[in-house]
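This briefing covers charged side chains: their pairing, their exposure and a surface patch. Please read it alongside the sequence and the structure.

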Amino acid sequence: MLKSITEQLARKHYERGRQYELQDQLVEALDAYEQSCEMTPSFPEPYEAIGRLLALRGQFSEAIGYLDSALDKGDDVQTRQWRGYVLGRLHRYGDALDDYLSLRHLCDSQIEVNIGRMLLALRRFDEAEDVLSEVVDPSAEQLLNAIPRYREFDMIEEDVRSIRYLFGG
């Protein structure tokens, strides 16, 4: 079946955006991805790319719409991970936890660490401890070691230091 001209052109803009991104020309990459999205393609890649680049810039409120659009067009592990990250940064910890839990079947230690992070942010300390104690990863160990302090002082707060610590950087 032949794809429409618009769909083919949207794909070309997306591919051009990828080339710009590979050359670290991010402004041009975003422009090409946006041109692709303006054509409302049926494929999710340009939406995910814009959401990812905006998230890397710290523009989380803008990124979430693009990541949601990407997932509306097709469920993808990478897109779901990025959306979980962005939701966490937006302090929507329950929604982020749902995204990470949907990926648990992948048996990926980073996903497990992120589940632990979201459980900590939700003050579900016992569950976080259970998850993190099963993961062999330095960041899991760091978070696991911090749980007694979190419990004692109920330290998960919306301040910069707590958020930086929770998200690992």
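Asp75 is exposed, because its relative accessibility of 59% is over the 50% cut-off. The model is a predicted one. Across the whole structure, a search finds 13 salt bridges. Three of them are described below, followed by a network and a negative patch.

**Asp75 and Arg80**
- Asp75 pairs with Arg80 in a salt bridge, and their closest N and O atoms are 3.0 Å apart.
- Arg80 has a relative accessibility of 14% and therefore counts as buried, the limit being under 20%.
- The bridge thus has an exposed acidic partner, Asp75, and a buried basic partner, Arg80.

**Glu129 and Arg151**
- A salt bridge joins the side chains of Glu129 and Arg151, with an N to O distance of 3.2 Å.
- Glu129 belongs to helix α8 (residues 125–132) and Arg151 to helix α9 (residues 138–153), so this pair ties together parts that are 22 residues apart in sequence.
- Glu129 has a relative accessible area of 33% and is partly exposed.
- Arg151 is also partly exposed, at 33% relative accessibility.

**Network of shared partners**
- Asp68, Asp75, Arg80, Arg83 and Asp99 are joined into one network by salt bridges that share partners.
- The Asp75 and Arg80 bridge described above has both of its residues in this network.

**Glu45 and Arg11**
- The side chains of Glu45 and Arg11 form a salt bridge at 4.0 Å, N to O.
- This pair links distant parts of the chain, 34 residues apart: Glu45 is in helix α3 (residues 45–56) and Arg11 is in helix α1 (residues 5–22).
- Glu45 is partly exposed, since its relative accessible area of 28% falls between the 20% and 50% limits.
- Arg11, at 27% relative accessibility, likewise counts as partly exposed.

**Negative surface patch**
- Glu28, Asp31, Glu34 and Glu38 form a negative patch on the surface.
- Glu28, one of these residues, is located in helix α2, which covers residues 26–38.
- At 35% relative accessibility, Glu28 counts as partly exposed.
- Patch residues need over 30% relative accessible area, so the 35% of Glu28 satisfies that requirement.
- Patch members must also have no salt bridge, so Glu28, Asp31, Glu34 and Glu38 stand apart from the paired residues described above.

Conventions. Residues are numbered from 1 along each chain as its sequence is written. This is a predicted model: local features need pLDDT of at least 70, side-chain atom pairs count only at pLDDT 80 or more; totals for chains, interfaces and linings use all residues. Side-chain values use heavy atoms; hydrogens and water are left out. Patches are made of residues with over 30% relative accessible area and no salt bridge: like charges are joined within 9 Å, nonpolar side chains (Val, Leu, Ile, Met, Phe, Trp, Tyr) within 5 Å. Accessible areas come from the Shrake-Rupley method with a 1.4 Å probe; for residues, only the protein chains shown count as cover. Lys and Arg count as positive and Asp and Glu as negative; His and the chain ends are not counted. The place of a charge is taken as NZ of Lys, CZ of Arg, CG of Asp or CD of Glu. Helices (H or I, at least four residues) and strands (E, at least two) are DSSP runs, numbered from the N terminus. Buried means under 20% relative accessible area, exposed over 50%, partly exposed in between (1.4 Å probe, protein chains only).
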